[in-house]
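Trainee: Could you take me closely through one part of this model, namely the paired charged side chains, and tell me where they sit?

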Amino acid sequence: MNILVIGGTYFLGRAFVDIVKEKHCVTVLNRGNVVLSKELYKNVKQYICDRHDEEKISHIKDEDFDVVVDFCAYNKGDIDLILRALDYNIKQYIFISTCDVYKRGSGAVLDENAQLEERRFGGEAGDYISGKVALEKEIRRCTEHEIYYTVIRPAIIYGPGNYAPRESMFFNWIVNAGQILYPIESDGHFQMVYVEDVAKIISDLCLLEEAYNESFNVCGKDIVNYDSFVNALRNAVYIPFEKIEVSSEMIEQKNIPLPFAIHESESETYSDAKLLKRGVRYTSLEEGLKKSFSFYMQEESGNITE
């Protein structure tokens, strides 16, 4: 299989490349902010180019790719541009979307057939959601060119190399202060999925007929709240820590950027029954946090190799 990875040097994209690089031909297209180690990625081609530079991207259209896996499409037009640059000469396009594309506030368990969010919200998060929704519509035009599409909708992804300040926020507090902040009035819930699990699922869906023109939620096996998250954290890290209870009012006043939903009104519940029917197995939150903390400590000590 010949795979073109758009992104591929950070977090989920890197985890995917690590899985497929030994068995398949892999080309990574990115802007070059991270250059892959020639020693560790000797079988991987890296093409440094801005994905919006259609002329430069078109130089690799003769590579005859089977699959495009796109980790960094965020704005309307991003998928169409790649398809044009490759002269529509691929078999499958896998787009990494998000569970945030679903319409908020329904109170229902959201499966892949749930309505997408058509409202526009302000700020960076609102722009992100609107961009992903637009691209979900855009990718369906692949069928006009006899190209199969697959949409991946992850919930909250965590794990080694996470550049979003989620679990690392708690690791920082534990290592530097021996304590974490805990929202005492929290009744919210969330779903977390380990990065390597998501990468493995994506690799399994490459050129899989059952994945053609389908969408898949990837959301982990458990509904998590702050209590269960803290319990998993205690079992995952080897440094004891104190739980400092703070009110919702203080969180707002101090503008404390807690990474997970605090209130039930902010929470949604997703179903990944389609994947579970395929026998997908998820890493437990405790085990995933343990691996993430180990990586964090290695990174802090400077023992991580790119």
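Mentor: In this predicted model, Arg 51 forms a salt bridge with Asp 70, and the closest N and O atoms of the two are 2.8 Å apart. This pair links distant parts of the chain, for Arg 51 lies in the loop between strand 3 (44–48) and helix 2 (54–57), while Asp 70 belongs to strand 4 (residues 67–70), 19 residues apart. Both Arg 51 and Asp 70 are buried.

A second pair, Asp 80 with Arg 141, meets through its side chains in a salt bridge of 2.3 Å, N to O. Here too distant parts of the chain are linked, with Asp 80 in helix 3 and Arg 141 in the loop between helix 4 and strand 7 (148–154), 61 residues apart. Arg 141 counts as partly exposed because its relative accessibility is 36%, a value in between the limits of 20% and 50%. Salt bridges that share partners also join Glu 136, Arg 140 and Arg 153 into one network.

Asp 80 takes part in a helix contact as well, since Asp 78, Ile 79 and Asp 80 in helix 3 meet Leu 135, Glu 138 and Ile 139 in helix 4. By class, that contact has three nonpolar, no polar and three charged residues.

Lys 21 and Glu 22 form another salt bridge, their closest N and O atoms being 2.8 Å apart. Lys 21, at 13% relative accessibility, counts as buried, whereas Glu 22, at 54%, counts as exposed. The count for the model comes to eleven salt bridges.

Technical notes: Residues are numbered from 1 along each chain as its sequence is written. This is a predicted model: local features need pLDDT of at least 70, side-chain atom pairs count only at pLDDT 80 or more; totals for chains, interfaces and linings use all residues. Side-chain values use heavy atoms; hydrogens and water are left out. Contact means heavy atoms within 4.5 Å. Helices (H or I, at least four residues) and strands (E, at least two) are DSSP runs, numbered from the N terminus. Ala, Val, Leu, Ile, Met, Phe, Trp, Tyr, Cys and Pro count as nonpolar, Asp, Glu, Lys and Arg as charged, and the others, Gly among them, as polar. A salt bridge is a side-chain nitrogen of Lys or Arg within 4 Å of a carboxyl oxygen of Asp or Glu. Buried means under 20% relative accessible area, exposed over 50%, partly exposed in between (1.4 Å probe, protein chains only).
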